[in-house]
Amino acid sequence: MTDPYAQNSLELEVKNFGPIAEAKIDLRPFTVFVGPSNTGKSYLAILIYALHQLFSGGTRFNYAPRAFLDRMIWDKQLSQKDWDSLNEWLNDTLENMREPPYKKNALLSGPAEDLIRSAFSRFDAKGDVLGNGISRCFGIDGTRVLIRKSSQGGAKVVLRRRILEDANPFLQKLKIGVRKTALKTTIPEKIPDLLNLAYIAGDLVDLVRPKKGTRSESELLAANTFIGSLAGSIFPSLVAPLHLPAFYLPADRTGIMHSHMAVTSALIRNAPMAGLRQDTSPPLFSGVLADFLEHLINLGGQTQQSHWSRRTNDLGGQIEKSVLDGTVHIQRTETGYPIFTYHQQEWKDDLPLTNASSMVSELAPVVLYLRYLIEPENVLIIEEPESHLHPAKQVEFTRQLAALVRAGVRVIITTHSEWVLEELANIVRLSGLSKAERKGIAGGDVALQPEEVGAWLFQPKNRPRGSVVKEIPLDDDSGLFPSGFDEVAVALHNNWAEISSRGGASG
């Protein structure tokens with residue numbers, strides 16, 4: 001596929017999930033969820049985060065099929081037939097890639113393909129891992145809570161990705177039932193290999209190729225390692241972009257930033273009493289909140305990244321300069337626990353974050369994440385980025401998020417802001433102008449192509465009760481994403497006119 005945006009595109013279809021009756025979206029570099037409250041925007045955002053956590057092979061849930069394949073490889077001794085077939089495939093692949101015309105894709109065959117398909121098959125049987133991962137992110141006891149109440153057949157999630165244009169798409173169908181979560185995977189007939197894998201595997205060629213005499217244990221291990229590397233390379237191409245690490249910034253960041261120390265102290269103070277208080281249960285955080293707190297606490301002992309720190313600091317620093325009018329800092333205590341402060345421009349002393357404005361507390365985590373955690377091709381999910389921001393600041397922050405996308409970070413936001421959508425529309429329209437034509441336009445230094453941006457409207461329905469999610473196309477006439485915000489403005493104006501007319505009549 002030559003389209004750079006399509007290479008990491010994934011279609012996500014959801015039915016009967018929480019408030020959502022039906023949704024069909026594709027994840028793009030900048031994805032926006034908009035609509036009335038209580039229609040499922042955060043539900044879908046948290047589900048996407050849970051899928052990222054699971055498919056990226058996080059530390060809590062080693063969900064990736066590569067992990068299951070590793071176990072199979074360690075337990076399996078390749079037969080003579082498998083060995084010969086594997087080496088024949090490897091030699092042909094390397095030869096095709098080294099001699100012109102070079103092939104960028106190679107199709108799997110023989111034992112390598114069989115092992116990878118077996119890994120996905122065994123992986124499907126581990127639906128409890130996936131169900132537990134989703135439950136954790138939502139902070140619930142079992143996924144049955146996530147099934148829309150009027151649904152009789154459970155909730156469904158379908159992941160669809162077309163890897164090769166002439167092959168069937170890679171499908172994963174997840175069914176969330178009352179008692180268990182089940183997953184079924186359909187792998188396309190053609191599984192592409194990645195060009196760089198040939199160079200990665202090149203170091204193993206001498207060990208993998210057959211030698212005279214009995215094959216040693218190290219040679220068998222080398223062959224198995226090669227297959228593992230192959231699977232590890234192919235797996236991301238199947239589930240992209242869900243293989244990328246994701247970070248979630250929940251709503252009410254001000255309250256969390258102000259109270260994280262008190263919450264942590266209470267948990268530590270009550271830890272020795274665990275098991276002694278029979279009439280109480282430990283507090284339950286959602287996974288997104290727990291991960292957010294954990295990241296905040298760990299910032300006290302982290303150092304800035306070296307390989308991308310300059311770029312992220314530029315972006316974080318630009319947010320400080322253009323939106324916060326000051327800088328965010330971390331003071332580390334003797335125990336390593338972080339204390340966050342804010343230094344306003346032209347002020348002498350730092351302010352504790354609890355004494356700074358709510359705007360600063362809302363955006364401080366974004367700056368800190370960019371400074372210490374976010375890397376290229378990570379995913380940043382932000383709920384309500386407009387919270388506590390003046391409309392002018394909302395516009396500027398939207399530009400900074402677009403700059404983040406330009407730098408290689410994928411962004412997903414939920415929003416109720418007309419200003420955010422209008423500025424995002426302008427950012428897309430800027431892509432139709434040359435650099436010379438953009439000169440002098442506010443925010444003209446950053447533009448996104450239409451393929452990079454997707455806006456999705458959550459609309460409530462009464463029959464069946466639940467929300468339906470549809471894409472909002474950029475309107476050619478108005479140049480905006482029509483979200484329904486103007487209907488509120490029209491209703492307010494009509495109400496004003498009615499009040500004015502009656503007031504005039506009574507006078």
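Helices α13 and α14 in a predicted model

Author: In this predicted model, helix α13 has 16 residues and reaches 23 Å from its first C-alpha to its last, which is close to the 22 Å expected at 1.5 Å a residue.

Reader: How do you know that the span of helix α14 agrees with its number of residues?

Author: Helix α14 covers residues 418–430, and at 1.5 Å a residue its 13 residues should span 18 Å; the C-alpha atoms at its ends are 18 Å apart, so the two values agree.

Reader: What makes Ser 417 a cap of α14, and at which end?

Author: A side-chain oxygen of Ser 417 lies 3.2 Å from the backbone nitrogen of Trp 419, and a polar contact is a pair of N or O atoms within 3.5 Å, so the distance falls inside that cut-off. Ser 417 thereby caps the N-terminal end of α14.

Reader: Why are α13 and α14 called oblique to each other?

Author: Two packed helices are described by the angle between their axes and the distance between the axes. The axes of α13, residues 391–406, and α14 come within 9 Å and cross at roughly 45 degrees. Angles under 35 degrees count as roughly parallel and those from 65 to 115 as roughly perpendicular; the crossing angle fits neither range, and the two helices are therefore oblique. The crossing in which α13 passes α14 is right-handed.

Reader: Which residues of α13 and α14 meet?

Author: On the α13 side they are Pro 391, Gln 394, Val 395, Thr 398, Arg 399 and Ala 402, and these meet Trp 419, Val 420, Glu 423, Leu 424 and Ile 427 in α14.

Reader: What makes α13 mostly covered, and which residues of α14 are buried?

Author: Of the 16 residues in α13, 13 are buried, and the helix is accordingly described as mostly covered. In α14 the buried residues include Val 420, Glu 423, Leu 424 and Ile 427, which also take part in the meeting with α13; Leu 421, Ala 425, Val 428 and Leu 430 are buried as well. Across the protein chain, buried residues make up 50% of the 507 residues.

Reader: What comes after α13?

Author: Helix α13 is followed by Gly 408, whose phi is positive, near 110 degrees.

Reader: Why does Gly 133 count as buried?

Author: Gly 133 is found in helix α5, residues 127–138. Its relative accessibility is 3%, and buried means under 20%, so Gly 133 counts as buried. The C-alpha atoms of Gly 133 and Leu 51 are separated by 8.3 Å, although these residues are 82 residues apart along the chain.

Conventions
Residues numbered from 1 in each chain as written. Predicted model: local features only at pLDDT ≥ 70, side-chain atom pairs only at ≥ 80, totals over all residues. Heavy atoms only, no water. Helix = DSSP H or I, 4+ residues; strand = E, 2+ residues; numbered from the N terminus. Expected span 1.5 Å × (residues − 1). Buried < 20%, exposed > 50% of the residue type's maximum accessible area, 1.4 Å probe, protein only. Polar contact = N/O pair within 3.5 Å; in protein donor to acceptor, adjacent residues only side chain to side chain. Axes fitted to C-alpha atoms, helices over the stretch in contact; angles between N-to-C directions. Parallel < 35°, antiparallel > 145°, perpendicular 65-115°, else oblique. Left-handed = near helix turned anticlockwise from the far one by under 90°. Contact = heavy atoms within 4.5 Å.
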